[in-house]
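Visitor: Could you take me through the aromatic ring pairs here, with the geometry spelled out?
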Amino acid sequence: MFLEKLYLRKIRNIKEAVLSLNPRTNVIIGENAAGKTTILESIDILSRGRSFRTNKIDSLVKDGEKSLYIGATLGDKKKKLEVDKGKNKTKILIDGKEEKKQSKIAQEVAVQSIHPNSHALIEGAPSERRAYLDWGLFHVEHDFKTEWSKYSKILRQRNEALKNRSSEEITWMRQLEPIGEKISSLRENYVNDLQKYIEINQKYIMPDVELKFSYEKGWDKNKSFLEALAEKRDTDLEKGYTGCGPQNADIKIIMNKKEAQKICSRGQQKLIANIMLLSQSKDFFDKKKFPSIILVDDLSAELTLEMQEKVLERLFETKSQIFLTALNDSVLADILCEMDANVFHVEHGEITQ
Ligand SMILES: Nc1ncnc2c1ncn2[C@@H]1O[C@H](COP(=O)(O)OP(=O)(O)O)[C@@H](O)[C@H]1O
Ligand SMILES: [Mg+2]
């Protein structure tokens, strides 16, 4: 769903602001440290309860204030979403009614971000790539969230039993198996669904390389999960935790027949990460028939102008609602201001439209 209005209060250097948004393209222009990224972070916090820039949400509360406030109305449904975040307490409201779970808002607004650290999707730990997959599955695959919660709970119980060398671990292992297989096949199918979009985006953005993506289940692919679990039982008992399963899954990215992690430059990693994120939001739109939201912070960081233009073109193809930041008087700002977009100028936390 797209955002129609955004209300911000007491976030970093922004005291108070109301933004009337374009359903498609929103451009945020300003000097360094003006508050551009802060606007993007707000949307991320509203949706996921987290910021792509920092884990320390407390640091977003404006100096001298006790809490921050982010509100938004949704375009189609006219729903109102609100987050009030203090040091130790977060209040989430949908249409004025308090909700316990952040995921209730995440279900309404699906937010992804492309930012100067996006290359972590390629060179970071497997957990980065699992989070990427699970973002998509959470939104497009109805069963995924429940299956994953069930799996995590049983996994914790089995690990506890392994630590205590209790024979109950076998019971948990048997329960783990069917859910683990299900999660794995949901993820595998999802990666297959993404391939066609990845191919199109890659031909456009990185035509000179060969890229291959495959899902690695987290256990020997020639074995069933139960066989793999049984084989690892002794080691698991020794170590006190379950050593194989979807919790260890990864996406293997091969560029020109070599592991992308090992051979890609920073710039190439960014491009591959962009290709992955763009493909995911296109898949989202095709399946859900409504847009996701993409936050794009400073596209000019480490991408050539030619690449920025290519990524921009593919971004618009996703049909998402897009928020882009650019520095005052930059070439990127000139390009973005030419577009059919709502443009916001930010200066010392003051936003004008
Ligand atoms: N908790 C806070 N309270 C007040 N100001 C803050 C806080 N955290 C950061 N700032 C300031 O807010 C501004 C926002 O920065 P940022 O959004 O990163 O700007 P931009 O993306 O335009 O470069 C910076 O000037 C920063 O020093
Ligand atoms: Mg910034």
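Guide: Happily; here is a close look at the aromatic pairs.

This is a predicted model, in which local features need pLDDT of at least 70, side-chain atom pairs count only at pLDDT 80 or more, and totals for chains, interfaces and linings use all residues. Residues are numbered from 1 along each chain as its sequence is written, and side-chain values use heavy atoms, with hydrogens and water left out.

A pair of aromatic rings is described by the distance of the centres and the angle of the planes. Rings of Phe, Tyr and Trp (its six-membered ring) pair if their centres lie within 6.5 Å; planes under 30 degrees apart count as stacked, over 60 as edge-to-face and the rest as tilted. The structure holds five such aromatic pairs.

One of them is Trp 135 with Phe 284: the ring centres are 6.0 Å apart and the planes are at 40°, so this pair is tilted. The two partners come from distant parts of the chain, 149 residues apart, with Trp 135 in helix α4 (residues 126-140) and Phe 284 in helix α10 (residues 266-288); helices are DSSP runs of H or I, at least four residues, numbered from the N terminus. Both Trp 135 and Phe 284 are buried, where buried means under 20% relative accessible area, exposed over 50% and partly exposed in between (1.4 Å probe, protein chains only). Ring pairs also join Phe 290 to Trp 135 and Phe 284 in a cluster.

Phe 144 and Trp 148 make a stacked pair, because their planes are at 10°, with centres 6.4 Å apart. Both lie in helix α5 (residues 144-163), four residues apart, about one turn of the helix. Phe 144 is buried at 3% relative accessible area, whereas Trp 148 is partly exposed at 26%.

Definitions and conventions. Chains are lettered from A and ligands numbered from 1 in the order in which they are written. Helices (H or I, at least four residues) and strands (E, at least two) are DSSP runs, numbered from the N terminus.
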